[in-house]
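Hi everyone, thanks for having me. Let's take a look at the model together, and I'll walk you through a few spots in it.

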Amino acid sequence: MIVVVPGHRLESARIHDQLRARVDAGMRAFEDLDASYLVFSGGQANPSVDRTECGVMGDYAVREGVDPDRIVLDPFAYDTIGNAYFTRVLADDAGLDAEEIRITTDDFHAERTVYAFEHCFGPSVPVEATHTVETDVDADAPVCRRKLAQTRRFFDGIDPGDADAIRRRLHEEHDCYEFPELEAARTAAR
């Protein structure tokens with residue numbers, strides 16, 4: 001089992017309160033569930049901050065006593081779909097024990113995050129939000145429902161677990177991700 005903590009846009013090179021709450025909850029889940037790895041997912045989403053979200057989270061967790069050998073950093077994700085996809089890639093490439101996924105995020109973000117991870121990992125990997133951070137944001141607020149609908153539309157027509165199809169869609173339809181090898185193959189096919 002792995003515990004995954006998605007990032008949150010940095011405001012400076014230091015961990016902010018909302019991100020700290022996610023990491024604290026993730027560390028509790030990691031310990032309570034006796035997970036194999038604690039994955040921090042988040043790239044450099046704010047160009048004015050010269051740090052990745054995962055780097056800031058990882059540094060904080062190490063300072064708080066988490067064994068650095070049990071921390072995995074994903075610096076490639078810029079949003080929830082990227083968190084799920086790149087965690088899947090890291091799990092596959094590094095051979096992480098991803099037979100079960102536990103996600104620690106804000107309560108209003110949990111449904112969308114679980115949905116994305118279920119689609120990236122497929123039906124054989126149970127995904128659950130645990131140790132969520134309580135906030136004042138209503139999960140049924142229009143902005144939350146809109147973002148969930150966008151995530152569902154992104155995965156429409158893709159079989160859950162089909163990482164290649166997700167990668168192609170990220171490349172073709174998502175503003176944050178480019179895969180040069182896919183573009184080269186597309187250009188060669190013309």
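Helices here are DSSP runs of H or I with at least four residues, numbered from the N terminus. This is a predicted model, where local features need pLDDT of at least 70 and side-chain atom pairs count only at pLDDT 80 or more, while totals for chains, interfaces and linings use all residues. Residues are numbered from 1 along each chain as its sequence is written, and side-chain values use heavy atoms, with hydrogens and water left out.

Now, which helix gives the most to the lining of the largest pocket? That's H5, with three residues. On a 1 Å grid over the protein atoms alone, a pocket is an open set of points where a 1.4 Å probe fits, with protein on both sides within 12 Å along at least five of seven lines; lining residues have an atom within 4 Å of a point.

Helix H5 turns up again in a salt bridge, meaning a side-chain nitrogen of Lys or Arg within 4 Å of a carboxyl oxygen of Asp or Glu. The side chains of Glu 111 and Arg 152 meet this way at 3.5 Å, N to O. Glu 111 sits in helix H4 (residues 110-121) and Arg 152 in H5, so the pair ties together parts 41 residues apart in sequence. Through shared partners, salt bridges join Glu 111, Asp 140, Arg 145 and Arg 152 into one network.

Elsewhere, Arg 102 pairs with Glu 100 in a salt bridge, with their closest N and O atoms 2.6 Å apart. The whole structure has 10 salt bridges.

Definitions and conventions: Helices (H or I, at least four residues) and strands (E, at least two) are DSSP runs, numbered from the N terminus.
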